[in-house]
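Hello,

Here is the structure I promised to pass on. Please have a look, and then read on for what I found in its charged side chains.

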Amino acid sequence: MDEGLLDRVRQHAARSGMSVQDYVVRTLIRADFDERFSAAVDETQRFYGATRLT
């Protein structure tokens with residue numbers, strides 16, 4: 001990780017009142033949830049047919 005990226009992550013973590021490690025873990029957990037949720041939605045649409053609510 002380059003120094004610029006690490007500084008930005010430190011700033012985001014500080015704004016959230018977290019350590020860099022906690023901030024990164026929280027971000028990874030959120031990304032994993034988003035990915036699993038999207039996969040579940042896709043699977044549901046395949047099962048029931050692609051109908052969109054607009």
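**Salt bridges along the helices**

Arg 36 and Asp 32 sit four residues apart in helix α2 (residues 20-48), so about one helical turn separates them. Their side chains meet in a salt bridge, with 2.9 Å from N to O. Asp 32 is partly exposed, at a relative accessible area of 37%. Please bear in mind that this is a predicted model.

How many salt bridges does the structure hold? There are four. Another one links the side chains of Arg 46 and Glu 43, at 2.8 Å from N to O. These two residues also belong to helix α2, where they are three residues apart, about one turn of the helix. Arg 46 has 59% relative accessibility and counts as exposed because the cut-off for that class is over 50%. Glu 43, with a relative accessible area of 44%, is partly exposed.

Which residues are joined into one network by salt bridges that share partners? They are Glu 3, Asp 7 and Arg 10. Within this group, the side chains of Asp 7 and Arg 10 form a salt bridge of 3.4 Å, N to O. Both residues lie in helix α1 (residues 3-15), three residues apart, which is about one turn of the helix. Asp 7 is partly exposed, at 34% relative accessibility, and Arg 10 is partly exposed too, with a relative accessible area of 40%.

I hope you enjoy looking through it.

Best wishes

Notes. Residues are numbered from 1 along each chain as its sequence is written. This is a predicted model: local features need pLDDT of at least 70, side-chain atom pairs count only at pLDDT 80 or more; totals for chains, interfaces and linings use all residues. Side-chain values use heavy atoms; hydrogens and water are left out. Buried means under 20% relative accessible area, exposed over 50%, partly exposed in between (1.4 Å probe, protein chains only).
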